Amino acid sequence: MLINLSNIKKVYPGSKDPVIEGLNLAIKEGSFTVLLGPSGCGKTTLLRMIAGLESVTGGSISLEGENITNMEPGDRNLAMVFQNYAIYPHMTVKGNIEFGLKNYQMTKQQREERIKLVMELTGLTGFENRMPNQLSGGQRQRVALARAISKSPKAFLMDEPLSNLDAKLRNQMRSELIQLYNKMGTTFIYVTHDQTEALTMATDIVVMKDGKIMQYDTPENVYSNPANVFVAQFIGDPGMDVFQTTDDQFIGFKPRALTTEPVAEGVSFDANLLTTEYLGYDYQMTFEVPGKGTLVMRNKKKMTSGEAYRLSVPLEDLYYFDRDQNRCEPFPITGLKEVFHADK
Amino acid sequence: MQISDRFEVKKHGGFYKFFNKLMKNAYILIAPAMITCLALTIFPMCFAVYLGFHKWDPISGRKKLVWFDNFRYLFQSEDFIKVIGNTLLFMFFIVFVGLLIKLLIGIFLNKRTPLHNFTQTVIFTPHIVASVSVAIIFMGMMAPKSGLFNTVLSTFGLPTSNWYLGADSAMASVIMVSIWQSTGYGVLLIIAGLRGIPDYIYEAARLDRSKPINTFFKITIPLLSPTLLYLLITTVCSAFTSFDVIKMMTDGGPDNATNLIAYYVYQQGMMFNQYGRAMAAAVILLIFTATLSAINFFALDRKVYYQ
Ligand SMILES: Nc1ncnc2c1ncn2[C@@H]1O[C@H](COP(=O)(O)OP(=O)(O)OP(=O)(O)O)[C@@H](O)[C@H]1O
Ligand SMILES: [Mg+2]
């Protein structure tokens, strides 16, 4: 384990309620760990505590077995890439990188070599003497990356580093980050609320909600084996439809598992089609299940709005959750009470 | 062809041609502002230069061109040389010591607690109080026999001073009052400048292992430089034109110890009726301020970082 968080608690000064409480997390060496969760769940807070920029109210953090809970940020050997890059606006690209290196025991020549190396690695060669206001958003992002890499840290901490870029550039930078990760093999701890980013980049995903970890698993498991109703509904585009059964347990299924064909074994119910949206690859239909709520279906076939359908889900596509909304063994379904969809 | 013919303004000649040509000239558009500026600043300035070359008695209206006589007089006068020296000394303290004090107070007060906010407001008030009142208050406090300063000093068994009445302490007293009066405004600007530097820049510096002192000189000062430059230029100018505190407290005395160039201009003109000499001194003052501002501006502009 590279980083160990144990029983972490965070209360911001001036507020009574903890943002994070009793959180335990072990981040594996060499992993690309993504902290994923809805806005306000405490991802940034957690990352900043690891970086040392935010004090820890309770619990401890260790790095390679050494307790770093109260260590100065600069002494932790971690590098951070901020959402807004946080590059020094009055220094050249080179100056931005050198500023940090000067505080490490390095000769001028070592610094020059290091700068040359990271410039090449981030594709910034030739931009050394530019000022930040002469750079595009993507280039500034690279400067922030170059600055982080130059210190050869034990881990990179990144807080939504791509969120200020346009869609195309974001895709490009995403793939460059993956390449960087593969090349360097250093641990990445990456915060995002974008599940596509999480699923495509991560080796491990930490799904968070209200300062608690809901699931810590591989992207595949988080997607196909959600540990609870929250993860089931949060992951996937769109997330699962979930029915509450008449004895207050839950069953869920992916919107793509819904079918208008009769199934041999499974659940079936009547629903009225409210809207049909064309999404390119397929259609998204929103149904109303009379008296129970709305759910979403994905299908390649276009369906006409305003009509009634009988929808079914095959038994093997059903997910079962107990009364506490945690994943459980299959149980006999007593009847359907209410339907939840994450978007609602 | 036809269409362009129809819209060809030149063919109409006359007013359209004139109007269009006129409107292409940007100077026409800023003319109202220019004329005001000319009437209110450039004209008096030229008039001062003009008078500087004359011997003029406004009461009788007699005026005689004397060329450089007034300037020659000034540079041969020991008093005037002393005045220049005084002014430079005064400026040095107001600018450098004053700026340092503003910077230190600004940094100290740049916190968002209610107490700091209150102090910020309080420290700004001297700026909105008339200099005359400030001078009177300080004259009361600096009174040698019964003033607050000497009372406090003697209570602690420390040596007392004649403050603005003593030949060797008058300049220091005047400097003190001037700095005190201008501090609030400067502090306010510096706090605004400091608030303009985002927190994440400091966080990045912490992650870069930068020590507080290093961060201060390499991050804070450069990012504050536009504010500092503005304060530097305005303080230099205000130091050179400082008048009311001197007029109130010392009348340039004792023995010209606190006579500054702006007060000297007033003295020559209004008290000795030497308008020509007064204007010659004013021209020298103008040359001083203009040169220093230009040096400040061009030398520092390169080093100043504007966001
Ligand atoms: N400086 C602060 N003082 C007080 N409360 C704060 C502070 N910073 C964050 N919070 C609160 O802590 C909670 C978690 O915030 P945090 O920024 O960690 O969320 P996040 O998961 O990063 O969200 P997002 O995806 O929107 O960035 C929020 O409820 C927020 O209001
Ligand atoms: Mg955040």
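Trainee: Where is Pro238(A) found in this predicted model?

Mentor: Pro238(A) sits in the loop between α8 (229-234) and β11 (241-245) of chain A.

Trainee: What makes the peptide bond from Asp237(A) to Pro238(A) cis or trans?

Mentor: Look at omega: for the bond from Asp237(A) to Pro238(A) the value is near -5°, and the bond is cis.

Trainee: On to Ala86(A). Why is Ala86(A) called buried or exposed?

Mentor: Buried means under 20% relative accessible area. Ala86(A) has 0% relative accessibility, so Ala86(A) counts as buried. As for its place in the chain, Ala86(A) lies in the loop between β6 (78-81) and α2 (93-101) of chain A. Its backbone is worth a look too: phi is positive, about 50°, although Ala86(A) is not a glycine.

Trainee: And what class does Ser152(A) get, and why?

Mentor: Partly exposed is what falls between the 20% and 50% cut-offs. Ser152(A) comes out at 49% relative accessibility, therefore it counts as partly exposed. Ser152(A) also has a positive phi, about 30°, and is not a glycine. You'll find Ser152(A) in the loop between α4 (137-150) and β7 (155-159) of chain A.

Trainee: Let's do the pockets. Which residues lie nearest the centre of the largest pocket?

Mentor: Those are Asn110(B), Asp199(B), Tyr202(B), Thr215(B) and Thr220(B), out of 21 lining residues. The volume of the largest pocket is about 690 Å³.

Trainee: How do you know which helices of chain B take part in that lining?

Mentor: Count what each one supplies: α11 (170-195), α12 (199-207) and α13 (212-240) of chain B each give at least two residues to the lining of the largest pocket.

Trainee: What is the make-up of the lining of the largest pocket?

Mentor: Seven nonpolar, five polar and nine charged residues. Asp counts as charged and Thr as polar.

Trainee: What about the second largest pocket, how is its lining divided?

Mentor: There you get nine nonpolar, eleven polar and two charged residues. The second largest pocket holds about 410 Å³ of space, and 22 residues line it. Nearest its centre are His127(B), Ser178(B), Gln181(B), Ser182(B) and Ser238(B).

Trainee: Which helix gives the most to the lining of the second largest pocket?

Mentor: α13(B), with six residues. The elements of chain B that each supply at least two residues to this lining are α7 (78-109), α8 (114-128), α11, α13 and α14 (244-249).

Key: Residues are numbered from 1 along each chain as its sequence is written. Chains are lettered from A and ligands numbered from 1 in the order in which they are written. This is a predicted model: local features need pLDDT of at least 70, side-chain atom pairs count only at pLDDT 80 or more; totals for chains, interfaces and linings use all residues. Side-chain values use heavy atoms; hydrogens and water are left out. On a 1 Å grid over the protein atoms alone, a cavity is a set of points where a 1.4 Å probe fits but cannot get out, and a pocket is an open set with protein on both sides within 12 Å along at least five of seven lines; lining residues have an atom within 4 Å of a point. Grid points are joined across faces, edges and corners, and a volume is the space filled by probe spheres set on the points. Helices (H or I, at least four residues) and strands (E, at least two) are DSSP runs, numbered from the N terminus. Buried means under 20% relative accessible area, exposed over 50%, partly exposed in between (1.4 Å probe, protein chains only).
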